[in-house]
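Q: I am new to this structure and would like a close look at a single part of it. Please describe that part and its surroundings in one connected account.

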Amino acid sequence: LDTLRDALMEVAAREGHAVRSGREWGGVFLRHLMDKHPAFLPLLRCEPCLSIARAALGPQVRVLPLTGRIAWPDADGQATPWHLHQRVVPVPRPAFFSLPHVIDALIYLDDLDSDSGPLCV
């Protein structure tokens, strides 16, 4: 976790997010992390996540680009409201269209408690 946290902060600094600027509603979102730092590459084969995905979806699963989020517990507007992650939703939907099955895995790099903002599902 320390390695991932350090790598995330390095990417954030490189992209100009090291210090809060007030423009980060909901936190800072850093996308495509596997392309930006080698510390994230082992997550391609993160067995705890992959084994659950394979148990739910079958043997053929794909890891999509990794996103990191930096949020500050003492700032307003850091909560993320209910939302849906779907990869392809064509409009209008063709006959017999089925939404792709998606599992998002969250790996928290800091402890969660009542002060830092617990996860609510």
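The account below begins at one histidine and follows its surroundings outward.

Q: Where does H37 lie, and which residues is H37 in contact with, leaving aside its neighbours within four places in sequence?

A: The model considered here is predicted. H37 is found in the loop that runs between strand β1 (28–30) and helix α2 (47–57). Its relative accessibility is 14%, and because buried means under 20%, H37 counts as buried. When neighbours within four places in sequence are set aside, H37 is in contact with A7, E10 and V11. With E10 there is also a polar contact between the two side chains, at 3.3 Å.

E10 has a further partner: the side chains of E10 and R14 form a salt bridge, with 3.2 Å from N to O. Because these two residues stand four apart in helix α1, about one helical turn separates them. E10 is partly exposed, with a relative accessible area of 39%, whereas R14, at 51%, counts as exposed.

Another salt bridge involves the loop between β1 and α2. The side chains of K36 and E15 meet at 2.5 Å, N to O. This pair links distant parts of the chain, as E15 belongs to the loop between α1 and β1, K36 to the loop between β1 and α2, and the two are 21 residues apart. Both are partly exposed: E15 has a relative accessible area of 34%, and K36 has 31%.

Helix α1 takes part in a longer link as well. R5 forms a salt bridge with D110, the closest N and O atoms being 3.0 Å apart. Here R5 lies in helix α1 and D110 in the segment after β2 (68–70), 105 residues apart. R5 counts as partly exposed, at 27% relative accessibility. In total, the structure holds five salt bridges.

The nonpolar residues complete the picture. The largest nonpolar core has 14 residues, of which L8, V28, L30, L33, F40 and I70 touch the most other members. Both α1 (2–14) and β1 supply at least two residues of this core, and α1 gives the most, with five. One of the core residues, L33, is in contact with L8, V11, F40, L66, T67 and G68, leaving aside its neighbours within four places in sequence. V11 is thus a contact of L33 and also of H37.

At the surface, L41, in the loop between β1 and α2, is partly exposed, with a relative accessible area of 41%. Together with L44 and V63, L41 makes a nonpolar surface patch of about 210 Å².

Note on methods
Residues numbered from 1 in each chain as written. Predicted model: local features only at pLDDT ≥ 70, side-chain atom pairs only at ≥ 80, totals over all residues. Heavy atoms only, no water. Buried < 20%, exposed > 50% of the residue type's maximum accessible area, 1.4 Å probe, protein only. Polar contact = N/O pair within 3.5 Å; in protein donor to acceptor, adjacent residues only side chain to side chain. Contact = heavy atoms within 4.5 Å. Core = buried A, V, L, I, M, F, W, Y, C linked by side-chain atoms within 4.5 Å. Patch = residues over 30% accessible without salt bridge, like charges linked within 9 Å, V, L, I, M, F, W, Y side chains within 5 Å. Areas by Shrake-Rupley, 256 points an atom, 1.4 Å probe, with all protein chains shown as cover. Salt bridge = Lys/Arg side-chain N within 4 Å of Asp/Glu carboxyl O.
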